[in-house]
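Got a new model on the screen and not sure where to look? Let's go through it together, one feature at a time.

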Amino acid sequence: KIRNANLRGANLANAQLSRTSLAGADLVAADLTGAELGHAALAGANLSGANLTDVNLFWADLKHANLKGTILRWSRLVRASFLDADLTGADVSQATMIEVDLRNANLRNACFQGANMNGADMSRAVMAGADFTLAMIRDSMWVAADMRGANFDRASLHRSDLTMAKYDATTRFPRGFDPKNTKRSASNQSS
């Protein structure tokens, strides 16, 4: 266990940290490129500005983590939990995020271009300015999510549940996608 450790700016590129507890750790601006963090406990960790390009975070616990401006490009985040995490301005493009838990997450201005997010749960997440261009987000949950201002251009949202999701004219859905006619009868709550 490395709980609450100060690893600010540390070079942990290609580190083998599977099943390690880094809960509450300060990893601001750390380089974790290519690191192995499967099943790692990172709840409450501060990873703002860190580089997690091409990282394995299968089943990792990132609840309440600060990931503002973090780079997660090409990372594998399958079944990772980002419950209540802050991913403001994070770059998660081309990441594999199958069945990821993003409930209550702050996704403002985050980039998910080309990410595979099938089966993701983004219920109650806030995503103003988030970019999901070309993302695969099938069979996903968006219950009570605030989708206002998000861009889903050419994204795949088939069989998604938008029940009580908030969207308006600033939400850019893929051509032909009708948010009122989703898997579980979505409604426009733009007020």
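What follows is a chat between a learner and a teacher about this predicted model.

Q: Where do I start? How many helices and strands are there in the protein chain?

A: Start with the overall picture. There are zero helices and zero strands in the protein chain. Even so, the radius of gyration is 16 Å, close to the 16 Å that the globule rule gives for 191 residues, so the chain is as compact as a globular protein of that length. Along the principal axes, the C-alpha atoms fill a box of roughly 45 × 25 × 20 Å.

Q: What share of the 191 residues is buried?

A: Buried residues make up 51% of them. As for the outside, the accessible surface comes to about 8,300 Å², and 45% of that belongs to carbon and sulfur atoms.

Q: How do I read contacts along the chain? What part of them joins residues at least 24 apart?

A: Take the contacts between residues at least 6 apart in sequence: 3% of these join residues at least 24 apart. For one pair to look at, try Leu37 and Ser18, which are 19 residues apart in sequence and 4.4 Å apart in space, C-alpha to C-alpha.

Q: Is Leu37 buried or exposed?

A: Check the relative accessible area, where anything under 20% counts as buried. Leu37 has 1%, so it is buried. Leaving aside neighbours within four places in sequence, its contacts include Leu17, Leu22, Leu32, Val55 and Phe58.

Q: And the nonpolar core? Which residues have the most contacts inside the largest one?

A: That core has 60 residues, and the ones with the most contacts inside it are Leu87, Met122, Met127, Phe132, Trp142 and Phe152. Click on Leu87: beyond four places in sequence, its partners include Leu67, Leu72, Phe82, Val92 and Leu102.

Q: What about a charged residue? Is Asp91 buried or exposed?

A: Use the cut-off from before: Asp91 sits at 18% relative accessibility, so it counts as buried. Then look for polar partners. The side chain of Asp91 makes a polar contact with the side chain of Arg73 at 2.9 Å, and another, of 2.6 Å, with the side chain of Ser93. Farther along the sequence than four places, Asp91 touches Thr70, Ile71, Leu72, Arg73 and Cys111.

Q: Which side chain makes a polar contact with that of Asp86?

A: That's Thr88, at 2.5 Å. Asp86 is buried too, with a relative accessible area of 17%. Apart from residues up to four places away in sequence, it touches Ala65, Asn66, Leu67, Lys68 and Asn106.

Q: How many salt bridges does the count come to?

A: Eleven. One of them joins the side chains of Lys68 and Asp86, at 3.7 Å, N to O. Lys68 is at 42% relative accessibility, so this residue counts as partly exposed.

Q: How should I read the two ends of a salt bridge? Is Arg8 buried or exposed?

A: Look up each end separately. Arg8 meets Asp26 in a salt bridge of 3.0 Å, N to O. Arg8 is exposed because its relative accessibility is 52%, while Asp26 is buried at 17%.

Q: Which residues do salt bridges with shared partners join into one network?

A: Begin with one link: Arg172 forms a salt bridge with Asp153, the closest N and O atoms being 3.6 Å apart. Salt bridges that share partners then join Asp153, Arg154 and Arg172 into one network. Asp153 is buried at 16%, and Arg172 is partly exposed at 47%.

Key: Residues are numbered from 1 along each chain as its sequence is written. This is a predicted model: local features need pLDDT of at least 70, side-chain atom pairs count only at pLDDT 80 or more; totals for chains, interfaces and linings use all residues. Side-chain values use heavy atoms; hydrogens and water are left out. Buried means under 20% relative accessible area, exposed over 50%, partly exposed in between (1.4 Å probe, protein chains only). A polar contact is a pair of N or O atoms within 3.5 Å; within protein, one must be able to donate a hydrogen and the other to accept it, and residues adjacent in sequence count only if both atoms are side-chain atoms. Contact means heavy atoms within 4.5 Å. A nonpolar core is a set of buried Ala, Val, Leu, Ile, Met, Phe, Trp, Tyr and Cys residues joined through side-chain atoms within 4.5 Å. A salt bridge is a side-chain nitrogen of Lys or Arg within 4 Å of a carboxyl oxygen of Asp or Glu. Helices (H or I, at least four residues) and strands (E, at least two) are DSSP runs, numbered from the N terminus. The radius of gyration is taken over C-alpha atoms; the globule rule is 2.2 Å times the number of residues to the power 0.38. Accessible areas come from the Shrake-Rupley method with a 1.4 Å probe; for residues, only the protein chains shown count as cover.
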